[in-house]
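Please open the model in your viewer, with the sequence panel alongside, and follow the stops below in order. Each stop says what to select and what can be found there.

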Amino acid sequence: MNEAQDLFSLLRQSTDVDPQAIDAIERTIAEGQDRELCRINAPAFASKHGLDEERTIGAFLHAARVGIFDISWNVLCPGCGGVLDTNATLKTLQKDEYTCALCAEGYSPTLDEMVEVTFTVSSRVRRIAAHNPHELPLVEYFRQIYWGSGVDLPEEDFAKKMEAFSLEGIELAPGEKAFLLIQLPSEFIIVFDPVTHSAQFIDGKGEPTKERRSLSLVFDRDHVQSQTLEMQPGPMRISLENRTDTRVLPTVFIAGQALHDLLGKRRPFLTAKRLLTNQTFRNLYRADTLDINQRLKITSLTFLFTDLRGSTALYERVGDLSAFDLVREHFQVLHEIVAAEAGAVVKTIGDAVMATFATPDRAIAAALRMRDAMRALNDKSGREDLLLKIGVHAGPCIAVSMNERQDYFGQTVNIASRVQNLATAQAIFATRAVVDDNLTADLLHRKALTPVPHEVSLRGIEREIAVYTIP
């Protein structure tokens with residue numbers, strides 16, 4: 001554990017890392033079960049240990065940066081929560097579509113809910129069974145490797161829960177052949193292998209028979225799904241052959257209520273979208289996020305643009321040095337507010353800031369705090385030097401790499417920028433997509449703020465859009 005102690009000593013030197021989160025992480029690594037250290041769900045970890053969620057995510061990011069954890073970017077099936085692909089970096093997520101054999105559905109990946117970010121303890125710090133996943137027992141492979149951290153699997157009686165919908169399961173070494181004898185029920189069953197993501201659907205229909213039916217299945221990397229077979233309930237012999245170079249784990253599931261109940265229990269997890277809008281992540285990983293040719297979809301992201309009104313006149317009025325100090329102080333305050341509201345500053349352009357937030361309410365909370373902060377700075381100086389214009393819009397976009405920086409592209413970004421251009425001094429302008437959000441509406445109601453709507457035309461946008469002034 002000497003190396004682990006050295007790494008934790010290094011981690012504690014970071015002044016912006018929550019010491020309580022570090023203590024909980026160190027304690028879990030020392031005392032936790034192996035499965036607790038495989039693909040850790042950071043929000044669930046924070047909830048379990050009574051920690052602040054954002055600060056816990058920051059602690060895991062810092063811990064990964066010094067080598068305590070390995071980060072994994074996993075593509076999840078929205079249906080069953082299974083991990084369809086796993087990547088050590090977001091740069092290797094290149095496919096336009098992923099197919100889940102268990103659900104028999106194809107999905108175009110988005111960073112909102114289909115890509116989770118998890119943390120697994122480094123083998124340098126502690127060896128766990130999942131470092132050699134092909135040696136895990138069948139049940140633990142499903143628990144630790146196949147299903148993602150967003151599925152709320154039971155801690156203690158997971159094996160018993162699986163027994164409720166599993167007829168049989170077997171481990172096949174590379175090149176090995178075997179067979180399973182089952183009694184096919186009058187139900188829909190799935191012969192599923194979580195290693196190759198192969199599935200064969202069998203619909204038990206018709207009059208039960210005592211005549212034994214036979215089925216042959218071959219597992220390889222190319223043939224992942226077969227059409228549904230309709231067979232009479234009764235005795236059945238399933239011949240299995242593994243033609244891959246790794247172990248496979250074919251398991252016979254009953255696709256009934258017990259399976260649906262297990263997979264229907266979900267919990268929040270750390271999405272790629274949320275991590276990309278995390279200031280700590282952007283500070284630590286900077287350009288090492290996306291490949292130059294990647295275009296990753298985000299279903300909805302909230303953009304906040306700010307700009308100082310009359311900054312040229314400010315330099316003329318108070319002089320370059322004083323103006324520079326004021327502008328620098330304003331940037332520092334904005335960065336702190338964005339980070340405190342779980343957002344991230346994407347870039348600054350002149351005196352303007354572009355920031356992102358996972359949800360509209362956090363952007364509006366940041367905007368209100370920014371407005372108050374600028375008023376406080378002006379009160380301190382006794383002059384109206386810092387007149388901040390703010391625009392907020394939410395919608396779909398594409399995450400890209402531009403100018404060696406992780407950035408965003410799309411009409412949503414353009415609209416957000418132009419909404420900010422409409423704003424007057426100390427005004428917050430937001431679109432309907434923002435103010436109609438339930439959490440935003442609750443926030444404004446608590447603060448007794450009523451948005452005032454008006455239709456506007458924006459350059460490059462054909463239709464008029466509803467923009468709201470937040471007084």
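With the whole chain selected and drawn as a cartoon, the secondary structure comes to 15 helices and 21 strands, where helices (H or I, at least four residues) and strands (E, at least two) are DSSP runs numbered from the N terminus. This is a predicted model, in which local features need pLDDT of at least 70 and side-chain atom pairs count only at pLDDT 80 or more, while totals for chains, interfaces and linings use all residues. Residues are numbered from 1 along each chain as its sequence is written, and side-chain values use heavy atoms, with hydrogens and water left out.

Still at the level of the chain, the C-alpha trace spans about 95 × 60 × 40 Å along its principal axes. Of the 471 residues, 54% count as buried, a word that here means under 20% relative accessible area, as opposed to exposed at over 50% and partly exposed in between (1.4 Å probe, protein chains only). Among contacts (heavy atoms within 4.5 Å) between residues at least 6 apart in sequence, 71% join residues at least 24 apart.

**The N-terminal helix pair**

Select residues 2-12 and 19-31, which are helices α1 and α2; their axes come within 11 Å and cross at roughly 170 degrees. Axes are lines fitted to C-alpha atoms, for helices over the stretch in contact, and angles run from 0 to 180 degrees between N-to-C directions. The two helices, α1 and α2, are therefore roughly antiparallel to each other, given that angles under 35 degrees count as roughly parallel, over 145 as roughly antiparallel, 65 to 115 as roughly perpendicular and the rest as oblique. To see the contact, show the side chains of Phe8, Leu11 and Arg12 from α1 together with Pro19, Ile22, Asp23, Ile25, Glu26 and Ile29 from α2. By class, these residues divide into 6 nonpolar, no polar and 3 charged, with Ala, Val, Leu, Ile, Met, Phe, Trp, Tyr, Cys and Pro counted as nonpolar, Asp, Glu, Lys and Arg as charged, and the others, Gly among them, as polar.

Now move on to Arg39, in the loop between α2 and α3 (42-48). Its phi is near 50 degrees, a positive value in a residue other than glycine, and at 15% relative accessibility Arg39 counts as buried.

**A hairpin and the nonpolar cores**

Next, select residues 69-76 and 83-87, strands β1 and β2, which run antiparallel and are joined by 4 bridges; two strands are taken to pair if DSSP finds at least two bridges between them. Val75 stands opposite Asp85 in β2. The strands form a hairpin with 6 residues between them, and Gly81 in the turn has a positive phi of about 80 degrees.

Gly81 is also one of the residues touched by Trp147, among them Cys80, Val83, Phe142 and Leu262. Trp147 belongs to the largest nonpolar core, where, of 89 residues, Ile68, Phe69, Phe119, Trp147 and Tyr408 touch the most other members. Such a core is a set of buried Ala, Val, Leu, Ile, Met, Phe, Trp, Tyr and Cys residues joined through side-chain atoms within 4.5 Å. Helix α4 (residues 53-66) gives the most to this core, with 7 residues. A second, separate core of 38 residues includes Leu326, Phe331, Val353 and Ile470.

For a single position, centre on Val117 in strand β5 (residues 115-121), which is buried, with a relative accessible area of 1%. Apart from neighbours within four places in sequence, Val117 is in contact with Ile40, Ile71, Ser72, Trp73, Leu270, Thr271, Ala272 and Leu275.

**A three-stranded sheet**

Turn to the open sheet of 3 strands in the order β7-β12-β10, with mixed pairing. Strands β7 (177-184) and β10 (213-219) stand at the edges, each with a single partner strand, so one side of each is left without a neighbour in the sheet. Strands β7 and β12 (residues 234-242) pair in the antiparallel sense over 8 bridges, and Phe179 has Ser239 in β12 as its bridge partner.

**Towards the C terminus**

Finally, select α12 (residues 360-381) and α15 (residues 438-446), which pack at an angle of about 30 degrees with their axes 7 Å apart, and are therefore roughly parallel to each other. Pro360, Asp361, Ile364 and Ala365 of α12 meet Leu439, Thr440, Leu443 and Leu444 of α15.

The last stop is Ala448, in the loop between α15 and β20 (452-456). Ala448 has a positive phi of about 55 degrees although it is not a glycine, and at 65% relative accessibility it counts as exposed.
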